[in-house]
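Reader: I would like a close look at one helix and at how its residues are placed, with the criteria behind each term spelled out.

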Amino acid sequence: MITFVLMVNRQGQTRLSRYFQPVELSRRAALEADVCSFVEYKDFKLVYRQYAALYIVVGVTDSENELSVYELVHNFVEVLDKYFSRVIMFNLDRVHIILDEMIQNGHVVETNKSRVLAPLTALDKMGE
Amino acid sequence: MSDVVEKTLTALPGLLSLDSQPGSNKLSSNSKLRNLIRGITELTSKHEEEKLIQRELTSIKEQVSSPNTSMRQMKELMVRAIYCEMLGYEASFSYIHAIKLAQQGTALEKRVGYLAVSLFLNESHELLLLLVNTVLKDLQSTNLIEVCMALTVVGQMFPKDMIPAILPLVEEKLNHPKEIIRRKAVLALYKFYLIAPNQVQHIHNKFRKALCDKDPGVMTASLHIYLQLIEENPEGYKDLTTSFVTILKQVVGGKLPMDFNYHSVPAPWLQIQLLRILCLLGKNDQSTSEIMYEVLDESLRRAEINHNITYAILFECVKCIYTIHPKSELLEKAAKCIGNFVLSPKINLKYLGLKALTYVVQQDPKLALQHQMTIIECLDHPDLIIKRETLELLFRITNAQNVTVIVDKMLEFLRINKDDYTTIDLVGKTMSTVFSVGGDTMQPDIPNSFLKLLSEGFDSVEEDRKLRLFAVDSYVSLLQGEPGKLPQRFLQVISWVLGEYSCLRADLEVDTVLRLLAKLLDMKTTSSETKSWVLMAMTKLCEGGAGVSVARGVSETYSSSLDTVLRQRAQELQHLSQDPELRARVLPRHTGLEPLEVDSSLSFLDGFVSEALAAGAAPYKPPHQRQEELAQAKSLSLEPYGLSLPLSMSSCSITDRQSPTLLSISSGLSGNSNDLSHKGGSSSLRLDGVKRVWGREGYLAQREPAEESAHVEVPSTLRSPSQQGRADGSHSQTPTHTPTPELEKQQLASSLFVGLGSHSSVCLMGKSEPTPQRFRRKARSPASSSGASENISHSLVSPPITVDTLVCNNLLDSHITSEPDVSPLEQTPPLSQGLAAANGSCDEELPDSDVKGSSPSLIGDDALVAADPAPHEEPPKDLLLSSYLPAELSGLSHSEITPLSSDQSLDLSACHVQKEGDLVLVVFIYNSSDSDIQQILLELDSEELEVSCECDGAVGGARGHSVAVCQYSLSVKRPSVHVELVGTVSYQFPVGTPQSGQFSYKLPLSSFIRPLTLSTEEYGTMWLDFSHDTKQNLTLISDDPEPLAASLSVLKNKLQLHVVEIIGMEGIVACRLLQDQPCLMHCRLHAGTLAVWLRSPVPDLPDCLMYFCQRALQEH
């Protein structure tokens, strides 16, 4: 099961965090502080993947299949890519909405790219 | 695919790391968030961040409560609040506004409102109740998107008590014409099931309908519910097995629409989910398992595409095959599959392979035997997580025979490990396992060092406390279970820990602990030695109050015990429990490790002694004098009195003829100290028992039997290498086994895997020819180096690769560790043929996979390497690196170039070069990234070595894809068979934070040995001056007419010794350790062996050199 997803830049600053299990606020910041070089940190098991200056870190339980999560991260990035094209954006909310479509309660609920993006694209159309 | 990725990679850094380019129109409201993010990125200290965020929060607070704030602005404020909370600053004032936004906003605003609620609140937060009405309204909305949003948030969190209010609405959505609504409704029901299973019991048949939904997405969603249901009650869902199998068959067969594919693998996560379900259904159920054999076989077969995701599926498949009722054909295939994983050079696959093995060995420990050499290699893997996983695996196969070696390995790991959590986890958890499995067979120093570790602790007080608490907690629960099954030694450890540390756990009543301990005393199986540990612990614990009554009862029982140690302890307990003042003085709390001063001269007894002497007592005689006198006395009167001694007759009758010492003890004891007589009687095998019985630690009395049994269990040939060094003697007696490094590994293997298979040790040693290893090395290196050279020349000579594709390759292939290669080249026929060939030849004999399993998969590897188009995935290999050797060193012999460490931008390798008066370490630093690194700093340190650098530690820069070289001159401070350097490399890209990494490099002491030329006279005078020496008989080279000369010349050639002179049966040899530490050697032919005597002014040098001499002669 997936316990959290983080997006961290090379300076170790968190760009996005989503927890699927309650973790106190104070503990979160500490956890995110120096996560990149560890694969096992405290009682968390981490799967991380780097894209240029960006690290995506996923916390999983011991019973999770790490490699499938590793690829899930890539799938997520491909979805982000499909949606955001080349325009530079700071859409924390939109990234969250995409993530919500893909992972719920720590489980992978959708990986089909067009289906993941359907609700968000619909929302964008409504807003126009 | 590649253009998708290219876009991703160009967009992502911008997305998250900020650029000043303006966004598109619809996003302009985000500019404030952008400012915030930019502000934070530019900060340099935590303090500044705090200030900035507090300012931000104040401004948000002001705006959200203003009545003029529009919903659009509110949405933007919420995103900023989310950002602040993400950084760890509470923004609780905004929670209520998030709910308001969800309620009043439209479209994206509403969605962000819901999002903020789900991020801010947890399931039990009372504000969540305010959301119910909004959800209810949205569920009934005619706007599909609003329905969708409401279902999404319900699937994430919803107050348990309010479920009935919306359940009918959600149920209704199961029949909605839109798949997305049906799918979200199923997920919402799943959430309900998780938080309140009773509420959805009546709709289980609707789940079935969802499972049969014509839309694959809805069906997939229902699997989450089924996985959960089946986990709880597999029996109830056996009838669905056929359905799941059919679905999996269709998915694997590619029947799903193309957009469910991920990198041309059909719905991989769905496959994984189905395999997990099948795994639960087929467990312990033959007939159900039979239904799934075919589809499992097909899954294994279909997964031929070389991509991570197929390996993820394979992993799940293998787990399933090993969990359900076994089918040998499938097991074989799965085992082969695991082989491919663990042998993979890709670290992620290796990790997964180890994880699979860890799982599988619990079903079939013999499988570990097939991969033992790989496991050994993984133990030495530079990556900590691989090591850690390997240890995890080893713990699963711990048994009485291999426990010592495994504990050794674990301690080794603990020494290098820096992470406190892992340490605690490993020490605590595994020591328990090891104690309970290994138990009484282990050597006494293991529990001892564990206790030492507990009491001395680590660097941080907090971590110590945690580990101790962990120990107390787990031991109390063990005692509450069935302590009768635990080994004695473990019980002793438990007693000690509880005695020392149970006060750390405030809510644990002393009384409870005392009662648990008292229960141990009452057990028949508890040995008297353990009992004395228990009594000690009780003495420490019984602080006033309730404890005293328990203590009194116990001490009364044992103060009349026949065992004097117990009697002593009971008396102590009795007195100390009644006299708190004395107790506080004798056993002060929280003294920690302050060293005790022991007055070994016992001067404080002087007054007592002189008084006693004055009163006519006999003066003290040391034990040996006493024994001599007694022995003399005995020689006169042995026969008549021998049999009438009140001791156990058998022990006397057995030993009296052979060992006067024992008798002298017992007869002496009958006179003045019957304390000892009991001990003597109970452990009649010990001849020099007196001192040992009175050793400071009570258990000393059992040391020898324990050691003996350990020796029996682990024959000398099976010892770990660390023991090998010391156990030279035993090796010279078994010269059949040549201790080459490979053999050492095999020996380690056999000691680790002993007791796993029925003929394990036999078949292991039968394979003492290290062919698999050698074959592997040879097979791999030419291919990879040629591959690498091709790549390098490609990137050096022909730069037509455009920047774009380089970036693409870089990000996809090399930056991401062990990313599957996605270029079309990969799928060319040679690769698949290679793999097919590998599979084909693998089929034949699995039990031998140590040899055969590894070689075919290497063919696969080579194919991979050769076909690999990524120019900088492989750092330059041996051949190429050696060309970077400085000119003045190039003619000299150098060791194999070994990799030290690597991260995404730097690969470090090193070798050492032997110069006549010097040993030079050459470190190669390969910058595998595209950017230049200005400054690289190398720091080397060693306990055994003096390191002097010709470049002051600063290597200077390394351009992208080039190699920098650094030289160090080494000399020995403290000899040891192998000396080790640890180092840190730190560097920084022009932009970015400083990076650093650690590595270590090990080299044999023999590299520091040089000939020492001197005359026989000089030799003579020096010989007498040297204080450290060692002697040993070594194997002689006997097939030569002149064995002495032949042996010496072998030593001369292999170890660079100088033969001073050979006179008849004797020879003298001299050498020096760099820089100028002499060591002299005297050899003599003696009874077919070479009697060697080494002398040196340097401690340990003779021992080390002896080790190398022995190896040199044996290897010959």
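The answer below turns to helix α7 of chain B and one of its residues, B:D138.

Author: This is a predicted model, in which local features need pLDDT of at least 70 and side-chain atom pairs count only at pLDDT 80 or more, while totals for chains, interfaces and linings use all residues. Residues are numbered from 1 along each chain as its sequence is written, chains are lettered from A and ligands numbered from 1 in the order in which they are written, and side-chain values use heavy atoms, with hydrogens and water left out.

Helix α7 of chain B spans residues 131–139 and contains B:D138; helices here are DSSP runs of H or I with at least four residues, numbered from the N terminus. Within α7(B), the residues B:L131, B:V132, B:T134, B:V135, B:D138 and B:L139 are buried, a term that means under 20% relative accessible area with a 1.4 Å probe and protein chains only, whereas exposed means over 50%. These buried residues lie on the same side of α7(B), because they cover an arc of only 165° around the axis, the arc being that of the directions from the helix axis to the C-beta atoms. On the other side of α7(B), B:N133 and B:K137 are exposed.

The cover over the buried residues of α7(B) includes, from chain B, α5 (95–104), α6 (107–120), α8 (144–156) and α9 (163–173). As for B:D138 itself, this residue counts as buried because its relative accessibility is 1%. Leaving aside residues up to four places away in sequence, B:D138 touches B:A102, B:K110, B:Y114, B:E146, B:V147 and B:A150, where contact means heavy atoms within 4.5 Å.

Terms used:
Helix = DSSP H or I, 4+ residues; strand = E, 2+ residues; numbered from the N terminus.
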